[in-house]
Amino acid sequence: MKVFVDRGKCTGLGICESLAPAFFEVDDSGELVQLKEDITADELAAIEEAVQGCPTEALRIER
């Protein structure tokens, strides 16, 4: 499984960073940095929460 960011939708609010900090970080300029893409079974719950918590619907999981 992988997580993807739609850069056209992302506004860098940082909700995903707070829910899945191993995957996302908002840099000093307010841009989202995706730290990794591949999701393990142990990480899936955090990524699902980040996807659901994204107000701009910029995240998706590919299974």
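What follows is a short conversation about cysteines, a cavity and a glutamate in a predicted model.

Visitor: How do you know that cysteine 10 is in no disulfide?

Guide: A disulfide needs two cysteine sulfur atoms within 2.5 Å. For cysteine 10, the nearest cysteine sulfur belongs to cysteine 16 and is 6.2 Å away, so the pair does not meet that cut-off. The structure holds zero disulfides.

Visitor: And what makes cysteine 54 a residue in no disulfide?

Guide: Here too the nearest cysteine sulfur is that of cysteine 16, and it lies 6.5 Å away. The limit is 2.5 Å, so cysteine 54 is left without a disulfide.

Visitor: Why is cysteine 54 called buried?

Guide: Its relative accessible area is 14%. Buried means under 20%, so the word applies to cysteine 54.

Visitor: Why does cysteine 10 count as partly exposed?

Guide: Cysteine 10 has 25% relative accessibility. Partly exposed runs between the 20% and 50% cut-offs, so cysteine 10 belongs there.

Visitor: Which residues are closest to the centre of the largest cavity?

Guide: Happily, we meet our cysteines again! That cavity has a volume of about 100 Å³, and of its 13 lining residues the closest to the centre are Cys10, Leu13, Gly14, Cys16 and Cys54. The lining divides into nine nonpolar, four polar and no charged residues.

Visitor: Why is glutamate 43 called buried?

Guide: Glutamate 43 has a relative accessible area of 17%, and with the cut-off at under 20% it therefore counts as buried. Glutamate 43 sits in the loop between strand 3 (32-34) and helix 2 (44-53). Leaving aside residues up to four places away in sequence, glutamate 43 touches Phe23, Lys36 and Asp38.

Terms used
Residues numbered from 1 in each chain as written. Predicted model: local features only at pLDDT ≥ 70, side-chain atom pairs only at ≥ 80, totals over all residues. Heavy atoms only, no water. Buried < 20%, exposed > 50% of the residue type's maximum accessible area, 1.4 Å probe, protein only. 1 Å grid on protein atoms, 1.4 Å probe; cavity = no way out; pocket = protein on both sides within 12 Å on 5 of 7 lines; lining within 4 Å. Points joined across faces, edges and corners; volume = space filled by probe spheres on them. Nonpolar A, V, L, I, M, F, W, Y, C, P; charged D, E, K, R; others polar. Helix = DSSP H or I, 4+ residues; strand = E, 2+ residues; numbered from the N terminus. Contact = heavy atoms within 4.5 Å.
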